[in-house]
Structures are given as structure tokens and as C-alpha cells.
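Dear colleague,

Please find below the structure that I am handing over to you. My notes on what was found in it follow directly after.

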Amino acid sequence: MPEVYNWQLGRPMEYPYREAHPREQFAFVFNINRCIACQTCTMACKSTWTFSKGQEYMWWNNVETKPYGGYPQFWDTRLLELLDGAHQKAGREAVWDASKKEPKTRPYGVFDGMTVFEAARAADRRDAVALGYEPTDLEWRFPNIYEDTATGSKDRRDSLNLEPAALPEHATWFFYLQRLCNHCTYPACLAACPRRAIYKRGEDGIVLIDQKRCRGYRKCVAACPYKKPMFRATTRVSEKCIACYPRIEGKDALTQGEPMETRCMAACVGKIRMQGLVGIGADGAWAEQRDNPLYFLVKVEKVALPLYPQFGTEPNGYYIPPRWVPRAYLRQMFGPGVDEAIERYTRPSRELLAVLQLFRASQTVIFRYEIVQGPKVFETTVDGRKWEMYNDTVIGYGRSGKEVARVTVEEPRFVRADKHYNSI
């Protein structure tokens, strides 16, 4: 099996196909701390792409409550159990070596465990190129089962209340995980398809299924560790998130030829989402674009982390971890960069605070930003250290260089004149 370089793991890994990379890569960052689980993103996607017969239980975008929720049910815990069993059988440990950390090529250190591809090969699984399973119909029933179900709660017998919780970690906790296809750099669905019906677009890295070539073998469903390809019984073929590629191509009249954010991104009420395109070099690494907001959040500030990087698909979806959740759980989900990411988010740098304002500031994809410095408006102490806030203005630009967003760190206030009734 050929080897490819996975920068999230900090090492080469086994993959069925040789290195091949797009010119740009569709990618996104979700700020978990802001999500209110209103499911507006879920319904925006549903009403656009999966409202037809045979798609009733198909949710390309979903928001699930962790730790108990999942779509399909328990998708991640089942995969983690399979990986754990594979490591035990092989006499190996799924650990990270942080001592080998290098800012550009190994930002999280080196993962010494096995990926889903390597685990399948170690187990001599001739029927699968990736360790996985196919969920039952029952497991696909709920887009957010166990909604708002917390873990770790304890009753106080002397009152009607639960024990209080406090940052940095809560004894009682849950959080919302927003999910769609990660359009991975090394997709397991693509690797597993015997018909080669799944492909990655050269212009933007979006992973699609050729409906004419697909025969509904469901190998992609079993292989994808995130369970984002889905089988449609009425047509007998698989379907998945297409990253709203007509919008990415700039075909929506609203943005006048500029790439436009997907439906789920543009509909987000909580302003937790930012989606864009990052340049890819010949070696598969992200081309250095210091003023691209996604590049800044992932590569420079390192506040956004990949979802289950140990699976080995190099997902292009990144998350700002929730501050109140036990760190051990978060490290399992987002890798060893969790502590640094939460520290930087809790005490954001002046530039990070400005860039965070660009989330949902425009439906047009932002390719570049610049910051106009403003006055200091606030000063406090965070974790015993001085922290200052400045009312900077951040400006976002589209692909053509046209300004598409302009927001300030401090939300502007408008006072209604006295001549108007101010009863509301």
C-alpha cells in the first residue's frame, strides 16, 4: 500500500492511492462554544438537498449532543472501540508523541498509533481497506438523540439543586457537535469504493459521488469513520454532502460570481461557522496565507482542531473546543492540541479577537482579511494575567479583492432619538 503524508498525524501513513492534491481545499471552522443547537443549519440543508422520497432519515448536516448523542447512534464510540481492539490485538498503543512537535509539518506532534487504514491492514482485513462498520437502520433514526442529556450530574440531598459547576471544567456537562462531510484529504469513502464512483475535485477538494457509477455496495458507508455517506433505498445508490458546490463555484447571483458559503454555513444563527478555501501546495500542505482567516485559525493561532485526527483521513473540518468539558474527553476527540487551543481562546490575542468577528459576517467566502486598529475599550484580569480589549475593525475580502465584510470587535450601539417613543 502506498504511503502519503498526513500533517495532522505528523507522519507518513498507509493509503490505497498515491499522493494527489487539489489546487484549493474546501475547509471550515466551527466554534463549539457559541452553538445553541437551534438546528437551523440542519433544516437549511434538509430543505435544500434531502427532502425527497427515500431521504426522510438522511441528514447531511446534523448537530448532535455529546457525550451520548450521535448520528448514526454512537458512531464515534463504536469506531473508537474497534480501533482500541485493533491496537490491543497488535500489541500497540494509540498515543501521541508531543516531543516531536514541529510548527508547520507536525503541529500536534506524532501519532504513534494506527489509523483506520493501517488497522484494517494489520488485521489482514481483505474485505475492507479501512476499519469500520455499517450502521443498522435503527441507528440512523435520530439526528440528535439524547438532546441536552448531561453527564456527571449529582443531586444535593439538602436542596432541589444539583451540585454547582465552575470553569475551567464542569463536573456536569454536555455540548453540541456540528457535523457535515469533512471532505477529507484522504477520504476513506473514496478508498473503499470498488467502482471508483467517489472522487475528489481538483479545483476545490470537494468529495463527490458519481451517481451513474455507484451501484450501492455501501462500502463507503462502512469505511467512512464519520458516517457521512448514506445509502438511499429508493435509488439504490449512496449520497452525501456535496458542499453546496454550485455556491462554491460562484453561480449564485447574490454574490455576483464570488464563491458563496454553503447553506448550512449561511443559515447559522449563533454565528459559529466560517467556511472558505485554502491554497494547497504541491506537497499537499496548506500554502502559507497568513491573512486567510482559516489559515490563521488553524495554522497560526492553532485555536481550531481537526475532529478525531487519529482516524487518519485528514479531515478538513476544524473545531474550537468547548471550554467547560473535561480535557481527557476533548483530547480523545480533537487530539493533543486541546489545552493550547482553549488557553488561546480563553485569553484571545488582539488579532484572534478581531478574526472571530468574521464568523457569519458575510455569505461571500472570505479569502483575506486586514485589521484596522482601534482604541482600547476594556481591561481585566484573566487567570491572574492582564488582558486588554481593543475596538479594532476587521475587513474581509472576497476572491476578487472586493470588500465583503466590515465589522468591529465591539458591537455598535444605536440610541433612538427622544422624539420617538422608546417603550419597547
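**Phenylalanine 175 and the nonpolar core**

Phenylalanine 175 touches Ile32, Glu64, Thr65, Lys66, Pro322, Trp324, Val325, Tyr329, Leu330 and Met333, leaving aside residues up to four places away in sequence. Please note that this is a predicted model. The largest nonpolar core has 117 residues, and Phe175, Leu297 and Phe334 touch the most other members.

**Helix 9 and helix 1**

Three of the contacts of phenylalanine 175, namely Tyr329, Leu330 and Met333, also appear among the buried residues of helix 9. Helix 9 spans residues 327-334, and its buried residues are Arg327, Tyr329, Leu330, Met333 and Phe334. They lie on the same side of helix 9, because the arc that they cover around the axis is only 155 degrees. As a general point, an α-helix has 3.6 residues a turn, so residues three or four places apart point the same way.

Against which elements do the buried residues of helix 9 pack? Their partners are strand 4, helix 2 (75-90), strand 7 (175-179), strand 13 (305-306), strand 14 (317-320) and helix 10 (338-346). Glycine 335 follows helix 9 and has a positive phi, near 90 degrees.

In helix 1 (residues 40-49), the buried residues are Cys41, Thr42, Ala44, Cys45 and Lys46. These pack against strand 4 (62-66), helix 7 (263-266) and strand 12 (273-279). Strand 4 is thus a packing partner of the buried residues of helix 1 and of those of helix 9.

**Backbone features in the loops**

The loop between strand 4 and helix 2 holds proline 67 and proline 72. Lysine 66 and proline 67 are joined by a cis peptide bond, with omega about 20 degrees. The peptide bond from tyrosine 71 to proline 72 is also cis, and its omega is near 0 degrees.

Two further loop residues have a positive phi although neither is a glycine. Glutamine 39 has a phi of about 65 degrees and is located in the loop between strand 3 (24-31) and helix 1. Is glutamine 39 buried or exposed? With a relative accessible area of 17%, glutamine 39 is buried, because the cut-off for buried is under 20%.

Lysine 302 has a phi of about 55 degrees, and its place is in the loop between helix 8 (293-300) and strand 13. Lysine 302 likewise counts as buried, at 15% relative accessibility.

**Strand pairing**

Strand 16 (residues 376-382) and strand 17 (residues 385-390) run antiparallel and are joined by six bridges. Within this pair, threonine 381 has lysine 386 of strand 17 as its bridge partner. The two strands form a hairpin with two residues between them. In the turn, aspartate 383 has a positive phi of about 55 degrees.

There is also an open sheet of three strands, in the order 15-18-19, with antiparallel pairing. Strand 15 (368-372) and strand 19 (403-408) each have a single partner strand and stand at the edges, so one side of each has no neighbour in the sheet. On average, neighbouring strands of this sheet are turned by 20 degrees against each other, direction ignored.

Five bridges connect strand 15 with strand 18 (residues 393-397) in the antiparallel sense. Among the paired residues, isoleucine 371 has valine 394 in strand 18 as its bridge partner.

**Aromatic pairs**

How many aromatic pairs does the structure hold? There are 25 aromatic pairs. One of them is formed by tryptophan 96 and phenylalanine 111, whose ring centres are 5.1 Å apart; their planes stand at 50 degrees, so the pair is tilted. Tryptophan 96 belongs to strand 5 (residues 96-97) and phenylalanine 111 to strand 6 (residues 110-111), so the pair ties together parts that are 15 residues apart in sequence. Tryptophan 96 is partly exposed, with a relative accessible area of 24%, whereas phenylalanine 111 is buried at 2%.

Ring pairs also link Phe26, Phe28, Phe30, Tyr319 and Phe334 into a cluster. Phe334 of this cluster is among the buried residues of helix 9, and Phe334 is also one of the residues that touch the most other members of the largest nonpolar core.

Yours sincerely

Terms used:
Residues numbered from 1 in each chain as written. Predicted model: local features only at pLDDT ≥ 70, side-chain atom pairs only at ≥ 80, totals over all residues. Heavy atoms only, no water. Core = buried A, V, L, I, M, F, W, Y, C linked by side-chain atoms within 4.5 Å. Buried < 20%, exposed > 50% of the residue type's maximum accessible area, 1.4 Å probe, protein only. Contact = heavy atoms within 4.5 Å. Helix = DSSP H or I, 4+ residues; strand = E, 2+ residues; numbered from the N terminus. Arc of directions from axis to C-beta. Pairing = 2+ DSSP bridges. Axes fitted to C-alpha atoms, helices over the stretch in contact; angles between N-to-C directions. Phe/Tyr/Trp six-rings, centres within 6.5 Å; stacked < 30°, edge-to-face > 60°.
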